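Please look through the sequence and the model shown here before reading the notes on its interior and on some of its local features.

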Amino acid sequence: MGVAKVLRLARATLDEAGLRGSVLVRDLRTGDELGIDPDLEFPAASLVKVPLAVVTLDRIHRGELDPAAPTLVRPNRVAVPGPTGLSKFRHPATVALEDLLYLSTAISDGAAADALFDLTPPAEVTIGLRRLGLSGIIVRHPISDLTDTPAERFAPQESHLAQSLAIGAATAGHGHPVAQLDVSRASTGSARAFVDLLHELWLPATMNQQVAGRVRELMGDNVLRQRLAPDFSSDAARWSSKTGTLLNLRHEIGVVEHANGQIYAVAALTESRVPAMVQPAAEASMAYVARSLHDELRLVGG
C-alpha cells in the first residue's frame, strides 16, 4: 500500500472514531519505526504502573526492599465502576510486596500500586528511570489521584457530563482545569518515551536482566485485553502489554513477539472527543491503526 497511504488512512481512521492519537511501532531488532505524532505528550494514567514495577524491582534487586515483606493494604472503598483488585476490597488485606507488583501490573490494581508508591514515591520512580537512561516519562502522583476526578462527582447515568468536561475544558497548550489531564501537573509520557521503555525491557542495555525479565512476565500476564490485544494476539504471536484509561484517555503499550523471532514495540496514546465512557469503536480503531502500522513496517523490513 505504501507508507504515505498507510499513514493517511491511519490518521483518517482515528479521526472518524473521534480520536486524537499518538502511535508508534518500532522493530526492536532493527530500530526501524513508523508512527503518527509519536512525540506528543499525554497524561499517562495507569501506564505509570510499568515504570513503578521497573523501579520497585530494581530496588529489590539492589537489596533495598524485601519481596516477601508483608504489606497491609487498607480498603479504598471505591464505589465507582472500573477499579479492580484490592481497590474494591471491603476489609484490610496483608499482601507480600512482590505480589503487589503482580496485582498492580497484571490487573491494574490501583490500591496495590499506591502501596508500592508508599515505598517508592512518584518522584523517586522518575529518578529511577533517569538512572536507567530513560527520559520522557514523568511520574508525578499516586494512582489514588486518578479516582478523584469529575467522573466521581456524577451519578453513573450522568457520566457523559464528566466526559464533556474533560473534552471541552482542554487548552491549546494541553493544559486542563482537571489536574490529572494537565500535562504540566499529571504523570506524562509520549508514545516514543514508552516505546523506549519497552525497548529497554525487551533488549536491556542498562537495566538488570532479571528486573527486565520479571516486568516482561508481568506484562505478559495482563488480563485487560479489550484494546490492542485482539489485533496482536495469535497462536503465532505473544502480546504483552499495559493499558491506561482515564476519562476521555485510552492508552495501551505493548510488545508483540512473533514465532519467527521478530519483536515489535507498540504504543498507542489517544484522547477522545466523544462524550461517552464506553466506546468499543474507539478501541477497535486504535487496534486497527496500530496493527496497520505494524504490518507496513514488517512488510517494508522484510
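The report below deals with the nonpolar cores, one helix, one hairpin and an aromatic pair.

## Model and nonpolar cores

The structure is a predicted model. Its largest nonpolar core has 62 residues, and those with the most contacts inside this core are Leu-86, Phe-194 and Leu-201. Helix H7, which spans residues 191-202, supplies the largest share of this core, namely eight residues. In soluble globular proteins, nonpolar side chains tend to be buried together.

Once its neighbours within four places in sequence are left aside, Phe-194 is in contact with residues from several parts of the numbering: Ala-44, Leu-47, Ile-137, Gly-189, Ile-253, Ala-267 and Leu-269. A second core, separate from the largest one, has 25 residues, among them Val-6, Ala-268, Met-286 and Leu-297.

## Helix H5 and its two sides

Helix H5 runs over residues 122-131, and within this helix Pro-122, Val-125, Thr-126, Gly-128 and Leu-129 are buried. These residues lie on the same side of H5 because they cover an arc of only 160 degrees around the axis. On the other side of H5, by contrast, Ala-123, Ile-127 and Arg-131 are exposed.

The buried residues of H5 are covered by elements that include helix H2 (49-61) and helix H4 (110-119). Just after H5 comes Gly-133, for which the model gives a positive phi of about 85 degrees.

## The hairpin of strands S7 and S8

Strand S7 takes in residues 237-246 and is mostly covered, with eight of its ten residues buried. With strand S8, residues 249-258, S7 pairs in the antiparallel sense over ten bridges. One of the residues involved is Thr-245, whose bridge partner in S8 is Arg-250.

The two strands S7 and S8 form a hairpin in which two residues lie between them, and Leu-247 in the turn has a positive phi of about 50 degrees.

## The aromatic pair

How many aromatic pairs does the structure hold? There is one aromatic pair, formed by Phe-232 and Trp-239, and this pair is stacked, with 4.7 Å centre to centre and 15 degrees between the planes. The angle of 15 degrees is under 30 degrees, so the pair counts as stacked. Both partners of the pair, Phe-232 and Trp-239, are buried.

How values were computed:
Residues are numbered from 1 along each chain as its sequence is written. This is a predicted model: local features need pLDDT of at least 70, side-chain atom pairs count only at pLDDT 80 or more; totals for chains, interfaces and linings use all residues. Side-chain values use heavy atoms; hydrogens and water are left out. Buried means under 20% relative accessible area, exposed over 50%, partly exposed in between (1.4 Å probe, protein chains only). Helices (H or I, at least four residues) and strands (E, at least two) are DSSP runs, numbered from the N terminus. Two strands pair if DSSP finds at least two bridges between them. The arc is that of the directions from the helix axis to the C-beta atoms. Contact means heavy atoms within 4.5 Å. A nonpolar core is a set of buried Ala, Val, Leu, Ile, Met, Phe, Trp, Tyr and Cys residues joined through side-chain atoms within 4.5 Å. Rings of Phe, Tyr and Trp (its six-membered ring) pair if their centres lie within 6.5 Å; planes under 30 degrees apart count as stacked, over 60 as edge-to-face and the rest as tilted.
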